[in-house]
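Thank you all for making time this morning. I would like to take you through one model, so please have the sequence and the structure open in front of you as I speak.

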Amino acid sequence: MKTFLTFTLIIICHISFAQDIKPLFTSLDVFELEWVSDPQISPDGSKIIYNRRGMDIMTDRKTSSLWLINADGSKQRKLTQSEKSERNARWSPDGKRIAFVSSTDQGSEIFVYWIESGQYARLTQLDRSPSNISWSEDGKTIAFTMLVPKKPPYLVRQPKKPKGAKWANAPRVTIRFKHEADGSGYIEQGFHHIFVLPAEGGTPRKISSGDYNHRSSLVWTGDKILFSAIRDENWEYIRRDSEIFSVEVSTGETSQLTKRNGPDFGAAISPNGQKVAYLGYDDKVQTDHINKLYVTNTDGSNKKEIKTNLDRNINNLRWDSKGSGVYFKYDDKGDTQLGYTT
């Protein structure tokens, strides 16, 4: 009996103590969290623009605004007065302008901000949201990717309904292997293509071709743009076999730089424009692979692996100013490290 009473008292004390403990986090705390993403350093190294991310409790959606800060951490300020969602900021080569994407009442558009005056203006009037903004080396052109919709197939043509009639929505027909995605639902039919736009504004021009998706980051080298894609007739059933291509801005002619059974991606052009560093691996049909570093000439010749002696995935390649080596990031035991190799 004494043992039972002692056990009962312990349980009562434990429950009472647990009721007094307040949780470190509650479900609503997610709306108070903020984080930084996509930092971009100005060409002269004096300023950094970045995305300031958060959550809106009234709409239950993520927010994104652009903030500018000096490289020493001083004079932090919001880039624009707009309360719309902003992202994908990129410096012009001379550091005098910043191109970025902002939502509007009509959809997402490309804007340009002038550092000296603090003014900004909309450049586009697009049908779909742009991504992967990239400036040409002379600062006269902006490249980006955007979905080009394609009419879906149909089984029968729906007859014209009587005036005022309320019919069910037309059936949705798809013959695609992947037509839905977690978190976003049904995927609009079409293909993402590469466009170029005058930096002063104007009509965008599509330069990529074919029924393939071009959704990677874009890298300029002269009159060409490097990108990574799966341009194969069976692309829909291929998971990881992307190659690096170049497309002529003036003609749209596309050339393939890499070819192997495995993905190639993350291209970075050397300062003299003669070599391309990129990531990839030979697909061994395993759950996990380690990215390796490669270098090739801009015409795809003289490919070679650069040994890093790391058993970690590396990413975010950047050449040094002299073109003699490459910086990269990698994660090691939960910490993100900065690496370099000649």
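I will go through two sheets, a salt bridge, two pockets and a surface patch.

Before that, please keep in mind that this is a predicted model, in which local features need pLDDT of at least 70 and side-chain atom pairs count only at pLDDT 80 or more, while totals for chains, interfaces and linings use all residues. Residues are numbered from 1 along each chain as its sequence is written, and side-chain values use heavy atoms, with hydrogens and water left out.

Let me begin with the sheet that contains β1, where strands are DSSP runs of E with at least two residues, numbered from the N terminus, and where two strands pair if DSSP finds at least two bridges between them. Four strands make up this open sheet, in the order β1-β2-β3-β4, with antiparallel pairing, and its edge strands, which each pair on one side only, are β1 and β4 (77-78). Five bridges connect β1 and β2 in the antiparallel sense; V36 lies opposite R52 of β2, and S37 lies opposite N51 of β2. The two strands β1 and β2 form a hairpin with five residues between them, and in the turn G45 has a positive phi of about 75°.

Staying with β1, we come to a salt bridge, meaning a side-chain nitrogen of Lys or Arg within 4 Å of a carboxyl oxygen of Asp or Glu. In general, side chains of opposite charge can pair when their charged atoms come close. Here D38 forms a salt bridge with R90, with 3.0 Å between the closest N and O atoms, and this pair links distant parts of the chain, since D38 is in strand β1 and R90 is in strand β5, 52 residues apart. The structure holds 14 salt bridges.

Now to the pockets, a pocket being an open set of points, on a 1 Å grid over the protein atoms alone, where a 1.4 Å probe fits, with protein on both sides within 12 Å along at least five of seven lines; lining residues have an atom within 4 Å of a point. Which residues are closest to the centre of the largest pocket? The largest pocket holds about 1800 Å³ of space, and of its 39 lining residues the closest to the centre are Q40, I41, R90, L317 and R318. Among the elements that give two or more residues to this lining are β1 (35-41), β5 (86-91) and β9, while β23 gives the most, with five residues. By class, the lining has 20 nonpolar, 13 polar and six charged residues.

The second largest pocket holds about 800 Å³, and of its 25 lining residues K178, N213, R215, W235 and E236 are the closest to the centre. At least two lining residues come from each of β13 (190-198) and β16 (224-229), and β13 gives the most, with three.

Strand β13 also belongs to another open sheet of four strands, in the order β9-β10-β13-β14, again with antiparallel pairing. Its edge strands are β9 (131-135) and β14 (205-206). Three bridges join β9 to β10 (residues 141-149), and the bridge partner of S134 in β10 is A143.

Finally, on the surface, L28, I57 and M58 make a nonpolar patch of about 370 Å², where patch residues have over 30% relative accessible area and no salt bridge, and nonpolar side chains are joined within 5 Å. Of these residues, I57 is in the loop between β2 (47-56) and β3 (61-70).

Definitions and conventions:
Grid points are joined across faces, edges and corners, and a volume is the space filled by probe spheres set on the points. Ala, Val, Leu, Ile, Met, Phe, Trp, Tyr, Cys and Pro count as nonpolar, Asp, Glu, Lys and Arg as charged, and the others, Gly among them, as polar. Patches are made of residues with over 30% relative accessible area and no salt bridge: like charges are joined within 9 Å, nonpolar side chains (Val, Leu, Ile, Met, Phe, Trp, Tyr) within 5 Å. Accessible areas come from the Shrake-Rupley method with a 1.4 Å probe; for residues, only the protein chains shown count as cover.
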